[in-house]
Amino acid sequence: MNHSAFSPRVFLALSLVLMLSACGPVVGNTFSSISDSLPDEEPHAAPAATEQPVEAAEEPPAEEIFPTQPVASFATATALPNTGGGSVSPTSQPAIPERRRLTLEFPPQIRAGDSDVVRLTLEVDDLGNITPTAEVAGNIVTGKIIEIPNLYETHNVIAEARFDIAGMQVSPPGLTSQPLAAGQSVSFFWSILPDGVGIYRGTMWLYLRFIDRGSGEESQRAISAQPVEIEAVNFLGLSADVARSFGVVGSIAGTILGFPFLEDIVKLLFRRRRGK
Amino acid sequence: MSRRIRILVGIVLLAVSISLLVWGFAPTRREIRTQPIAPSELQLPYLIPLEAVS
């Protein structure tokens, strides 16, 4: 050990860098907070190092602060989603290695007496599979691939959807399920029929059910709950079927009454037939 | 005179009937909502140890 290694200047520099890192953004786990704050700290850390022209450059302990060595271990930890906000133990969360897109298609306005279709699709995004990477700018290690266990290999994944809307007939009612396979889309269809005129509000639910292939343990996760508002309308107080019937009959009657020469033409045709 | 009234009634009836037909057969407007779902949302609702995965 060198005497200069324990000089007050070195300790001052170390404590300054540690204080700066402690002031970084507060993220759920310690690893991500350190790795997230690294790029921001670099401009601050560099002047601190330059302030120690000779001694700090020679000190091996000062280099331990820089993240070049432990990036790989940070990377695996930052790959974990920060859901709870608490500290995350060094575990690996199996995930579905796909970016998906949820599409809900429904009629915001429907004719009273008519039925319509509501469609919910969970499809693979056009971007395809994603490769989660950890990247720290300005360091040697960039684009480190993180191993996230594939959930499809360990669990059976089932997509479940439910369309709750009061006052409207929905078929099929309740929860409908479809197995979710890698790279494949699932679609759910509901037929809806409003009981009358009015505004109907409901919720479209989508869950994922995971069944462990080994133990058979089941768990469910709500993925989406979208509010849906459908308005059932009529025309001059007529429902869709009645309006169409009146439209057909009225068009024929209006054509006969409205055209001035139509009566003459019809009479002429009848005369010719009688003459024959 | 009666001929004019008859034509007027016919035209009104025709207009109303065509309106009913257009409304009755017009395709309904569809609303499409798209929501991207990240892989982090398609995870198990609990953490499992690394040893259990491997």
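Gln178(A) sits in strand β8 of chain A, residues 175-179. Helices and strands here are DSSP runs, H or I of at least four residues for a helix and E of at least two for a strand, numbered from the N terminus. This is a predicted model, in which local features need pLDDT of at least 70, side-chain atom pairs count only at pLDDT 80 or more, and totals for chains, interfaces and linings use all residues. Residues are numbered from 1 along each chain as its sequence is written, and chains are lettered from A and ligands numbered from 1 in the order in which they are written.

Back to Gln178(A). Is Gln178(A) buried or exposed? It counts as partly exposed, because it has 15 C-beta neighbours inside 10 Å. The cut-offs are 20 or more other C-beta atoms within 10 Å for buried, 12 or fewer for exposed, and partly exposed in between, with C-beta atoms placed from the backbone. Setting aside neighbours within four places in sequence, Gln178(A) is in contact with Ala159(A) and Val186(A). Contact means that the C-beta atoms, again placed from the backbone, lie within 7 Å. Ala159(A) is 19 residues from Gln178(A) in sequence, and their C-alpha atoms are 5.3 Å apart.

Now the sheet. Strand β8 belongs to an open sheet of five strands in chain A, ordered β2-β11-β10-β6-β8, with mixed pairing. Its edge strands are β2, residues 109-111, and β8, each pairing on one side only. From one strand to the next the twist averages 30°. Two strands pair if DSSP finds at least two bridges between them.

At the β2 end, β2(A) runs parallel to β11(A), residues 218-233, with three bridges joining them. Gln109(A) is opposite Glu231(A), and Ile110(A) has Ala232(A) as its bridge partner. On β10(A), the pairing with β11(A) is antiparallel, over 14 bridges; there Met204(A) is opposite Gln226(A). The hairpin of these two strands has five residues between them, and Gly216(A) takes a positive phi near 80°.

Next, the contact with chain B. How many residues does each chain put in? Chain A gives 48 and chain B gives 40. On the chain A side, β1, β2, β3, β10, β11 and α7 each supply at least two residues. The largest share, 13 residues, comes from α7(A). By type, that side divides into 24 nonpolar, 15 polar and nine charged residues. Nonpolar covers Ala, Val, Leu, Ile, Met, Phe, Trp, Tyr, Cys and Pro; charged covers Asp, Glu, Lys and Arg; the others, Gly among them, are polar.

Strands also pair across the two chains: β1(A) and β1(B), residues 31-37, are antiparallel over seven bridges. In that pairing Glu105(A) stands opposite Ile32(B).

Last, two helices. α7(A) has 19 residues and reaches 25 Å from first C-alpha to last, close to the 27 Å expected at 1.5 Å a residue. The expected span is 1.5 Å times one less than the number of residues. Buried in α7(A) are Ala240(A), Ala243(A), Gly247(A), Gly250(A), Gly254(A) and Leu257(A). An α-helix has 3.6 residues a turn, so residues three or four places apart point the same way. The cover over the buried residues of α7(A) includes β2 of chain A and α1 of chain B, residues 2-25.

α8(A), residues 262-275, should span 20 Å with its 14 residues, and its end C-alpha atoms are 20 Å apart, which agrees. α8(A) is hardly covered, with a count of zero buried residues.

Methods. Contact = placed C-beta atoms within 7 Å. Axes fitted to C-alpha atoms, helices over the stretch in contact; angles between N-to-C directions.
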